[in-house]
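Trainee: I'm new to this model, and I'd like a close look at one part of it. Please walk me through how that part is put together.

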Amino acid sequence: MGSENGVVRPVALAELGQRYRRYRLADAHGEEAMAGSLRRWGQLAPVAACVREGRLELLDGFKRWTAAPQVTGLARLSVRVLEVDEPRAKAAILGLNQEQGVTRELEEAWVVQGLVRDDGMTQVEAAQLLGRHKSWVCRRLALLDKLSVEVKEDLRLGLLGPSMARQLTRLPACNQEAVLALTRREALTAAEVSGVITLLHGAGAEQAAFVLAQPRAALAQARNLPTALRDPRLSGAGNWLAKHLKQALEGLLRLEHWLRTPGERELTAQDRAIVQPLLAQLGDEASLVAELTLGPAAAPEGKIR
């Protein structure tokens, strides 16, 4: 039997394997759009496949393969057969799709990992095969080797961008979820996230707790900047009040994190009895400040006792 390299022929959908699909992200919207295109125009370009163990395995055209059963009468696809070894098959997955600009960084990372881990290539060899620099390969591997399982899942689902993911690789996996949650809660910029991660490197437990509780205040302190900026929506009196309320809140948050730290910070029964009146006074003062600021309706019904 002669070479089939480059030959285009019709192949039944059931005869096309999916072993390389693990290197591509699912795209439900793209598959739906592809089904509409196939109904209207038919298959405009062949999919690509290679032979493995006597079976054709798709390298490109997964959306067309998934959408085809939704199109009446479309039981076969036009397939271009490529004769490539395993490393070049993986490289083709990226090459065939990069021409269309649709590969994503996580897909590139999966392919690079397959070349290095499964095919035994060095990072330099993988970079040469893919026409990239070794640093590009290193960054892709870091996305998979250094990210926590939860962060990788967010990246796979498109809930996290590659640039943010690369920032998180600077942290131990156990801390990445906390910083990611902080980034979303505080709507931190990329520069602020980078600064927070820098502050967390080598930070003690109390310092790290402060950074995670008040990231912008921590960044301002590290840069010797004022921690409170004027809010243009507020009057002079409103800004003064907001500044001091924020300072009080920061103090309470530091206390909360301090109390949550195990070990020597475990309070005795005598400690609790002595500080109880202070807690009651704190509750009374907080209620009074709320009433003076917002009116009687804002005061809580109960007080800390």
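**A sheet and its neighbours**

Mentor: Let's start small: Ala48 has Asp60 of S4 standing opposite. This is a predicted model, where local features need pLDDT of at least 70, side-chain atom pairs count only at pLDDT 80 or more, and totals for chains, interfaces and linings use all residues. Residues are numbered from 1 along each chain as its sequence is written, and side-chain values use heavy atoms, without hydrogens or water.

Strand S3 (residues 47-52) runs antiparallel to strand S4 (residues 55-60), and five bridges join this pair (pairing takes at least two DSSP bridges; strands are E runs of at least two residues, helices H or I runs of at least four, numbered from the N terminus). Now step back to the whole open sheet: its five strands follow the order S1-S5-S3-S4-S2, with mixed pairing. S1 (8-12) and S2 (16-17) are the edge strands, and each has a single partner, so one side of each lacks a neighbour in the sheet.

Helix H3 (residues 86-98) packs on this sheet, where it touches S3, S4 and strand S5 (76-82) (contact: heavy atoms within 4.5 Å). The directions of H3 and S4 make about 40 degrees (axes are fitted to C-alpha atoms, for helices over the stretch in contact; N-to-C angles run from 0 to 180 degrees).

For a helix pair to compare, look at H5 (residues 123-130) and H6 (residues 134-145): their axes come within 8 Å and cross at roughly 110 degrees. H5 is therefore roughly perpendicular to H6 (65 to 115 degrees). Where they meet, H5 brings Gln123, Val124, Ala126, Ala127 and Leu130, and H6 brings Lys134, Trp136, Val137, Cys138 and Leu141.

Methods. Angles under 35 degrees count as roughly parallel, over 145 as roughly antiparallel, 65 to 115 as roughly perpendicular and the rest as oblique.
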